[in-house]
Amino acid sequence: MAGRAVGAGPAPPAGPARHDPAIEEVRHDDYLGRTSVASLRRSTRVFVERGRFELDDLRSAITAEAPDVLVVDTNAWGAAAVADAWDPRAAPFDVPPGPVALVTTSSEFQDDGVLVRTALHALDGTDLTVLATMPAGASVTDVPRNARVDEFVPHSQVLPHAAVAVTHGGMGATQRALAAGVPVVVVPFGRDQAEVGRRAERAGAGVLLPRRRLTAPRLRAAVRQARTLQPAAQRLARAMAEEAGAAGAADRLEALVRDWR
């Protein structure tokens, strides 16, 4: 490594927590908003309140690690403020047998279990094996024979077998599917998910189905349409691979450190 880097953002679901646990005690409740504006206000409040705890969290990490580079999750607003004040030269960053349908919901509770329930009904009797993951926890009854519901399954093990991914539009789950060449159906429930869905659709690798239009027949039709987009999804995956992913980002960061020196 040409320099030391510190990352700031939501902690992974497993492994030792190195962040202030108070951050995750501030939970999303934007699903309770009666309008899109009300939901956005609730979501904004969460990021602001979490940011209060992120301030000292990242400052402590900087003191302990003395990094040359900070990589900050775009959703960590407090950490981003610390990073901006720390160094004004910091660069911004945007940004089973048979075919499988991977269905995903948010890792933070968003009351999006209806997506799984609708998908199980919509894809019952099709040629697809449905694997639904609900990391925020939820109970689902009446699971059809061609389906399985788990709290967590490594998507890296599922996507090589997937013909389509039905997702809430989380940036992580959606990008992982597209990076694997799997077309997506995006049913956004809030936050940045509608924009993620629009980008997948504009790339020709996904179908955007608004939440208010979510029904079993419409979802079945969207899945059928998405499966025809596999060539475009595979082209997008190749283009993403050419960007070199995390390794490429690390190389660019190291190049920045070398230039600063």
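**Exercise 1. Overall make-up**

What percentage of the 261 residues in the protein do buried residues make up?

*Solution.* The model is predicted. Buried residues account for 39% of the 261 residues. Next, the surface. The accessible area comes to about 14700 Å². Carbon and sulfur atoms own 52% of that area. Last, the secondary structure: 10 helices and eight strands.

**Exercise 2. Aromatic pairs**

Find the aromatic pairs and classify each by its geometry.

*Solution.* A pair of aromatic rings is described by the distance of the centres and the angle of the planes.

Step 1. Count. There are two aromatic pairs in the structure.

Step 2. Take Tyr 31 and Phe 109. Their ring centres are 4.9 Å apart, and their planes stand at 90 degrees. An angle over 60 counts as edge-to-face, so this pair is edge-to-face.

Step 3. Check the surroundings of these two residues. Tyr 31 has a relative accessible area of 24%, so the residue is partly exposed. Phe 109 is also partly exposed, at 39%.

Step 4. Take Phe 47 and Trp 77. The centres are 5.1 Å apart, with 35 degrees between the planes. Stacked needs planes under 30 degrees apart, and edge-to-face needs over 60. Neither applies, so the pair is tilted.

Step 5. Place this pair on the chain. Phe 47 belongs to helix H2 (residues 36-65) and Trp 77 to helix H3 (residues 77-86). They are 30 residues apart, and the pair links distant parts of the chain.

Step 6. Compare with the cut-off for burial. Buried means under 20% relative accessible area. Phe 47, at 12%, is therefore buried. Trp 77, at 37%, is partly exposed.

**Exercise 3. A charge and a ring**

Which residue lies over the face of Phe 53?

*Solution.* Arg 52 does. The distance to the ring centre is 5.1 Å.

**Exercise 4. Helix packing**

Determine how H2 packs on H3, and how H4 packs on H8.

*Solution.* Step 1. Start with H2 and H3. Their axes come within 5 Å and cross at roughly 45 degrees. That crossing makes H2 oblique to H3.

Step 2. List contacts. On the H2 side, Phe 47, Val 48, Leu 55, Leu 58 and Ile 62 are among the residues that meet H3. The H3 side includes Trp 77, Val 82 and Trp 86. Note that Phe 47 and Trp 77 also form the tilted aromatic pair.

Step 3. Turn to helix H4 (residues 113-123) and helix H8 (residues 216-227). Their axes come within 8 Å and cross at roughly 70 degrees. Angles of 65 to 115 count as roughly perpendicular, so H4 is roughly perpendicular to H8.

Step 4. List contacts again. H4 contributes Thr 118, Ala 119, His 121, Ala 122 and Leu 123. From H8 come Ala 216, Leu 219, Arg 220 and Val 223.

**Exercise 5. Positive phi**

Examine the backbone at Asp 142 and at Arg 191. Where does each residue lie?

*Solution.* Step 1. Asp 142 has phi near 55 degrees, a positive value in a residue other than glycine. The residue is in the loop between strand S4 (129-133) and strand S5 (147-150). Its relative accessible area is 74%, so Asp 142 is exposed.

Step 2. Arg 191 is not a glycine, yet its phi is positive, at about 55 degrees. Arg 191 sits in the loop between strand S7 (184-186) and helix H7 (193-202). A relative accessibility of 26% makes Arg 191 partly exposed.

How values were computed. Residues are numbered from 1 along each chain as its sequence is written. This is a predicted model: local features need pLDDT of at least 70, side-chain atom pairs count only at pLDDT 80 or more; totals for chains, interfaces and linings use all residues. Side-chain values use heavy atoms; hydrogens and water are left out. Rings of Phe, Tyr and Trp (its six-membered ring) pair if their centres lie within 6.5 Å; planes under 30 degrees apart count as stacked, over 60 as edge-to-face and the rest as tilted. Buried means under 20% relative accessible area, exposed over 50%, partly exposed in between (1.4 Å probe, protein chains only). Helices (H or I, at least four residues) and strands (E, at least two) are DSSP runs, numbered from the N terminus. A charge sits over a ring if NZ of Lys or CZ of Arg is within 6 Å of the ring centre and within 35 degrees of the ring normal. Accessible areas come from the Shrake-Rupley method with a 1.4 Å probe; for residues, only the protein chains shown count as cover. Axes are lines fitted to C-alpha atoms, for helices over the stretch in contact, and angles run from 0 to 180 degrees between N-to-C directions. Angles under 35 degrees count as roughly parallel, over 145 as roughly antiparallel, 65 to 115 as roughly perpendicular and the rest as oblique. Contact means heavy atoms within 4.5 Å.
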